[in-house]
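Where do the covalent and charged links of a protein chain sit, and which parts of the sequence do they join? Please keep the sequence and the model side by side while reading the paragraphs below.

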Amino acid sequence: MECREIRVDLPWPPNQVKAHRFVIYDVFDPPEVKFEEHVVRIVGRVERPLEIPLKDLASKYPCVDLIAPFHCVTGWSVERVVWRGVQTRVLLEEARPYGPFALAWGIDGYSASLPIEALMEETSIIAWAMNGKRLPRKHGAPARLVVPTRYAWKSVKYFGALEVVEEPVPGYWEAQGYSLNGDPWREERFDFGRPLMRGRRVSL
């Protein structure tokens, strides 16, 4: 399939060190859901709630190949990752949100808070492939939200739903002090305290 290529072409964020590979974090046990059975939802403060099988997103919607760095709040970054997916703004325009914020949900119960404006950016996507291959389970299969203009904890693994809300609602890490916005170029790491980034599973 031919997909339109888009790139993140921004200066390197402050105090980020280039890494050769990912450090894998999971707060909860990774779920097992088949690509063919997975459904993506856009719910909450929207005029038209959506429930779209992932197989339909991958075959019936315009796809993009996103080339972007991946910036972790703990200070490491992978310089170039190629993600294939559909832009979140395509789905949001179809759902017609009337709330300015969203809670992104993983099917494992993890969540992250995001402004709708971040999800409407050209480079925010729901990805099902990574570096030319089907998205690996350790990176969030069957689908992952990818928001490259925010720190990586906002790029929710095992992505299942966007819940549009009227006020910012803290997700898992935001409730523990991490930034509601999470802009790497402004170093918006914490809104309060300095909590440790810990997951039940941490590997390379």
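Helices (H or I, at least four residues) and strands (E, at least two) are taken here as DSSP runs, numbered from the N terminus. With that numbering, Ser111 is found in strand 9, which covers residues 111-115. The model is a predicted one, and the values given for Ser111 and for the other residues below should be read with that in mind.

Ser111 has a relative accessible area of 7%, and because buried means under 20%, Ser111 is classed as buried. When neighbours within four places in sequence are left aside, the contacts of Ser111 are Leu103, Ala104 and Trp105 together with Gly171, Tyr172 and Glu174. A second buried residue is Thr88, which lies in helix 2, residues 88-95, and whose relative accessibility is 1%. With neighbours within four places in sequence again left aside, Thr88 is in contact with Leu119, Ser124, Ile125, Ile126 and Leu145.

The next topic is the cysteines. A disulfide is a covalent bond between the sulfur atoms of two cysteines. How many disulfides does the structure hold? It holds one, formed by Cys3 and Cys63, with their sulfur atoms 1.9 Å apart. The angle about the S-S bond is -95 degrees, and the link of Cys3 and Cys63 is left-handed. Cys3 lies in the segment before strand 1 (4-7), whereas Cys63 lies in the loop between helix 1 (54-60) and strand 6 (64-71), so the disulfide ties together parts that are 60 residues apart in sequence. Both partners are buried, Cys3 with a relative accessible area of 12% and Cys63 with one of 7%. Cys72, at 5% relative accessibility, also counts as buried.

From the covalent link we can turn to the charged side chains. Side chains of opposite charge can pair when their charged atoms come close. A search of the whole structure finds 16 salt bridges, and a few of them are followed here. In one of them, Glu51 pairs with Arg41, and the closest N and O atoms are 3.4 Å apart. Glu51 belongs to strand 5 (residues 50-53) and Arg41 to strand 4 (residues 39-44), so this salt bridge ties together parts that are 10 residues apart in sequence. The two partners fall into separate accessibility classes, since Glu51 counts as exposed at 58% relative accessibility, while Arg41, with a relative accessible area of 32%, is partly exposed.

Which residue forms a salt bridge with Arg45? The partner is Glu166, and the closest N and O atoms of the pair are 3.6 Å apart. Here Glu166 lies in the loop between strand 13 (159-165) and strand 14 (201-203), and Arg45 in the loop between strand 4 and strand 5, so the pair ties together parts that are 121 residues apart in sequence. Glu166 is partly exposed, with a relative accessible area of 41%, and Arg45 is likewise partly exposed, with a value of 37%.

A further salt bridge joins Glu188 to Arg186, where the closest N and O atoms are 3.9 Å apart. This pair is part of a network of salt bridges in which Asp183, Arg186 and Glu188 are linked. Within that network, Arg186 counts as exposed, at 62% relative accessibility.

Conventions. Residues numbered from 1 in each chain as written. Predicted model: local features only at pLDDT ≥ 70, side-chain atom pairs only at ≥ 80, totals over all residues. Heavy atoms only, no water. Salt bridge = Lys/Arg side-chain N within 4 Å of Asp/Glu carboxyl O. Buried < 20%, exposed > 50% of the residue type's maximum accessible area, 1.4 Å probe, protein only. Disulfide = S-S within 2.5 Å. Contact = heavy atoms within 4.5 Å.
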